[in-house]
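Colleague: Got a minute to walk me through this one? I'd like to start with the inside of a helix and work outwards.

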Amino acid sequence: MMQVKRTLPKQLYFGLMVMAIMLASTLTPMLAASFGAADISFSQVYQMILAQLRGDTGHFGVTERIVMELRMPRIVLAFAAGAGLAVAGAVLQTVTRNPLADPYLFGISSGASLGAVVVITLQGQSELAAQLSWLSLPLGAFIGAVLSVLLVMAFCGGRLSIQVERMLLSGVAISFMFGAMTSLLLYFSGPQAAASVLFWSLGSFAKATWADVGLPVLTVVGATLIILLFKRQVMAMKAGDETAHTLGIAVGRLRVGMLLLCSLITAVLVANCGGIGFVGLMVPHIVRMLMPGRFALLTIALVGGLFMIWVDVIARSLLSYQELPIGIITAVIGSGFFLFILASKRQ
């Protein structure tokens, strides 16, 4: 992987990078909240947030409602989605020792999408299913994601670490298969369900509310903490299964556990945001270029969250009175980045 050339001492360079990321994490939510159809300045957003922290609300009228009830929930959801997908991509690339592994290319996103579409279709036929959508949609997506992982492992004979090409091809094939099954369900579903699935499948944070962000945030934070607890074992897998075995690591169980955690993250995010691809591929590579030699999982999460916030800003600001789907923008950027990786590996 191509690395960024540095002239500063190593520790100073890493320190400055971390400070820059932390500063961006502080300013980005306020800057992002100032973009949109309504003209709201950065200073107004800053004053509103200070007022919220003091408990002194209601002085900004409609502007406050736009920022705090419409823009801030989608910013939080976008950050959680970017962070979760970036963490899942980094873990997949490590435990499979495949730099091209990603929830989208691995087929996990397609499996989660299929499971979610089945639930959305059933919601139009069952009143009880519609009432339990907050639980049934992530659960259906998780079942589909796990099914995808199991199929990839079956095609690779469970030897993911040495079946790099087969794993990637299996993931792509399963992604197409699940995509075709999703299209079939969409074809036979009613007009209302079809419209819901079409809007949801393209990826969007437009319907985000404070009630929606709790589960994605808790899932991403909880899964990331669990991964950090096993950070040494996960890092040992980069040296190969035999080396990890000699260190007393149960490689098979650890790999399956990490794959299930990545499936859980992807499923919850797909259920809430729709299909968003290539984030898990791009962000870990970008962080490794900037900070080579480190498995900086928290840095990857922060960069992923910041990246997704600005993608959302582009989606709702690029065209007047019209919002672009998130998945289209990440696919355009990600496909170009994917080709860049392939080209750099040939040099």
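**Helix 1 and beyond**

Modeller: Sure. In helix 1, the buried residues are Y13, F14, M17, I21, S25, T28, M30, A32 and A33. Keep in mind that this is a predicted model.

Colleague: What covers the buried residues of helix 1?

Modeller: The cover includes helix 2, helix 3, helix 13 and helix 14 (297-317).

Colleague: How many residues does helix 1 have, and how far does it reach?

Modeller: Helix 1 has 24 residues and spans 35 Å from its first C-alpha to its last, close to the 34 Å expected at 1.5 Å a residue.

Colleague: And where does helix 1 bend?

Modeller: At L27, by about 35°. There's a proline, P29, that follows within four residues.

Colleague: OK, outside now. Which residues make the nonpolar surface patch?

Modeller: L23, L27, L31, F35, F42, Y46 and W310 make it, and the patch is about 580 Å². So L27 turns up again: the bend of helix 1 is at L27, and L27 is part of the patch.

Colleague: Which helix gives the most to that patch?

Modeller: Helix 1, with three residues. Helix 1 (10-33) and helix 2 (42-54) each supply at least two.

Colleague: Take L31, in helix 1. Why does it count as partly exposed?

Modeller: Because its relative accessibility is 31%, and partly exposed runs from 20% to 50%.

Colleague: Switching topic: any odd backbone angles? What is the phi of R97?

Modeller: About 55°, so positive, although R97 is not a glycine. Most residues other than glycine have a negative phi. R97 lies in the loop between helix 3 (62-95) and helix 4 (108-123).

Colleague: Which other residue has a positive phi without being glycine?

Modeller: F278, with phi near 75°. F278 is in the loop between helix 12 (251-273) and helix 13 (279-290).

Colleague: Are those two buried or partly exposed?

Modeller: F278 is buried because its relative accessible area is 11%, under the 20% cut-off. R97 counts as partly exposed, at 37% relative accessibility.

Colleague: Now the whole chain. How many helices and strands?

Modeller: There are 15 helices and zero strands. Of the 347 residues, 48% count as buried.

Colleague: What share of the contacts join residues at least 24 apart?

Modeller: 77%, among contacts between residues at least 6 apart in sequence.

Colleague: Last one: how much area does the chain expose?

Modeller: About 17000 Å², and carbon and sulfur atoms supply 68% of that.

Key
Residues are numbered from 1 along each chain as its sequence is written. This is a predicted model: local features need pLDDT of at least 70, side-chain atom pairs count only at pLDDT 80 or more; totals for chains, interfaces and linings use all residues. Side-chain values use heavy atoms; hydrogens and water are left out. Buried means under 20% relative accessible area, exposed over 50%, partly exposed in between (1.4 Å probe, protein chains only). Patches are made of residues with over 30% relative accessible area and no salt bridge: like charges are joined within 9 Å, nonpolar side chains (Val, Leu, Ile, Met, Phe, Trp, Tyr) within 5 Å. Accessible areas come from the Shrake-Rupley method with a 1.4 Å probe; for residues, only the protein chains shown count as cover. A salt bridge is a side-chain nitrogen of Lys or Arg within 4 Å of a carboxyl oxygen of Asp or Glu. Contact means heavy atoms within 4.5 Å. The expected span of a helix is 1.5 Å times one less than its number of residues. The bend at a residue is the angle between axes fitted to the seven residues ending there and the seven starting there.
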